[in-house]
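New to this one? Here's a quick tour to read alongside the sequence and the 3D view.

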Amino acid sequence: MKATLFAVAGFVGAAAVYWAMVPAGQQWFIRRFRTPHRLRRTTAALGVGMIAALVLCCLFPGQQAWLQVVVLLAGTGVVIGALVAPTLRIDHTLATQRRKVLAIGAHPDDLELACGATLAKLVDAGHEVRTVVMSTGGRGGDSAVRVAEAATGSDFMGASEVQVHDFRDTSLSDHGQEMVQVIESLMSTFRPDVVITHSGNDYHQDHQAVHAATMRAARQHSSILCFESPSSTRHFNPSVFVDIEGYVDVKIQAVAMHRNQKGKPYMSAERVRSLAAFRGSQVKTSYAEGFEPVRLLGSAVGEF
């Protein structure tokens, strides 16, 4: 009986350590909990403590009594942690009316950097989010890697579909009509309630081109929001804000998935958190993402 309990404890301890340390487990904690790193470290520590006590029990049979207490305490901690964890989940409300959101970016990392927290929060609330990326980013990195990272980032945020097109980055203005056709096709088939894209107040020529193409393709649409990029000008002036309390770590992780761009300053966790804190201070909350509304119809947005 004791051997069976020890085997079960060893398995639970090993499973806890493994899930807390592997990338998939780390992402699981980040996507679901408000304090993911603390919870993950606690889970790993309890698992290590349980395994260490079991090993010592085998090595020093004479000390089994107090070591068994350690195993019991660690196991109890894991069980209590599993029971308490649901109370630490990211707070979000479920919308009573589901909306469709189409997010359009120029490069594979643009959406995560600009509105990754908002998109993840919308998904958690029950809305459907689809993402579109107009280029593979080959001029700024490895195209094949960046396409895969775009898919991984969108999947992590919870998007139901991601499209990555191969228009030539740094020259997207040369593909304006083709991009308009892509967006019009999506508008026709997906019929989004809200469209989110780059602002016209942006230094980057590709961002400006995608903004212009979206404005043309969505010229008859009632709700268009423009997000903030690292290259936004000082004229970017948001008046619509989304409270992203609990989702900053989600955004940081989504950005970090674009490892091909890791060395760029605006990809750092510190920069992402600082901008979210700045926008949050403007609307008297901890963290926020800001948007410029081109136009925004209340009945289309609903509980967005």
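Which residues are linked with Arg98 in a network of salt bridges? They are Glu128, Arg130 and Glu161. Keep in mind that this is a predicted model. Below, the sheet comes first, then the salt bridges, and after that a few individual residues.

**The sheet**

- You'll find an open sheet built from 7 strands, with mixed pairing and the order 3-2-1-4-5-7-6.
- Its edges are strand 3 (161–164) and strand 6 (240–243), each of which pairs on one side only.
- Going from one strand to the next, the twist averages 25°.
- Helix 10 (residues 269–282) packs on the sheet, where it touches strand 6 and strand 7 (288–295). The direction of helix 10 makes about 65° with that of strand 7.
- Strand 2 (residues 128–133) and strand 3 run parallel and are joined by 4 bridges.
- Look across from Arg130 and you'll see Glu161 in strand 3 standing opposite. Arg130 and Glu161 also belong to the salt-bridge network from the opening question.

**Salt bridges**

- Searching the whole structure turns up 11 salt bridges.
- One of them joins Glu128 to Arg130, with the closest N and O atoms 3.3 Å apart. Glu128 counts as buried because its relative accessible area is 13%, and the cut-off for buried is under 20%.
- Another pairs Arg168 with Asp174, and here the closest N and O atoms are 4.0 Å apart. Arg168 has a relative accessible area of 43%, so it is partly exposed. Asp174, at 52%, is exposed.
- Then there's Glu289 with Lys251, whose closest N and O atoms are 2.8 Å apart. This pair links distant parts of the chain, since Glu289 sits in strand 7 and Lys251 in helix 9, 38 residues apart. Both Glu289 and Lys251 are buried.

**Asp249 in helix 9**

- Helix 9 (residues 248–256) also holds Asp249.
- Is Asp249 buried or exposed? Its relative accessibility is 16%, so Asp249 counts as buried.
- The Asp249 side chain makes a polar contact with the side chain of Arg273, at 2.8 Å.
- Setting aside neighbours within four places in sequence, Asp249 is in contact with Ile30, Arg34, Pro36, His37 and Arg273.

**His198 in strand 4**

- His198 belongs to strand 4 (residues 194–198).
- With a relative accessible area of 0%, His198 is buried.
- A polar atom of the His198 side chain lies 3.0 Å from the backbone nitrogen of Ala106.
- Beyond residues up to four places away in sequence, His198 touches quite a list, including Gly105, Ala106, Asp110, His207, His211 and Cys226.

**Cysteines**

- How many disulfides does a search of the whole structure find? The count is 0.
- Take Cys115, which is in no disulfide: the nearest cysteine sulfur, that of Cys226, is 11 Å away. Cys115 has a relative accessible area of 0%, so it is buried.
- For Cys226 the story runs the other way round, with the sulfur of Cys115 as the nearest cysteine sulfur, 11 Å away, and no disulfide. Cys226 counts as buried too, at 2% relative accessibility.
- Why are Cys115 and Cys226 not a disulfide pair? A disulfide needs the two sulfur atoms within 2.5 Å, and these are 11 Å apart, so the pair doesn't qualify.

Definitions and conventions:
Residues numbered from 1 in each chain as written. Predicted model: local features only at pLDDT ≥ 70, side-chain atom pairs only at ≥ 80, totals over all residues. Heavy atoms only, no water. Helix = DSSP H or I, 4+ residues; strand = E, 2+ residues; numbered from the N terminus. Buried < 20%, exposed > 50% of the residue type's maximum accessible area, 1.4 Å probe, protein only. Polar contact = N/O pair within 3.5 Å; in protein donor to acceptor, adjacent residues only side chain to side chain. Contact = heavy atoms within 4.5 Å. Pairing = 2+ DSSP bridges. Axes fitted to C-alpha atoms, helices over the stretch in contact; angles between N-to-C directions. Salt bridge = Lys/Arg side-chain N within 4 Å of Asp/Glu carboxyl O.
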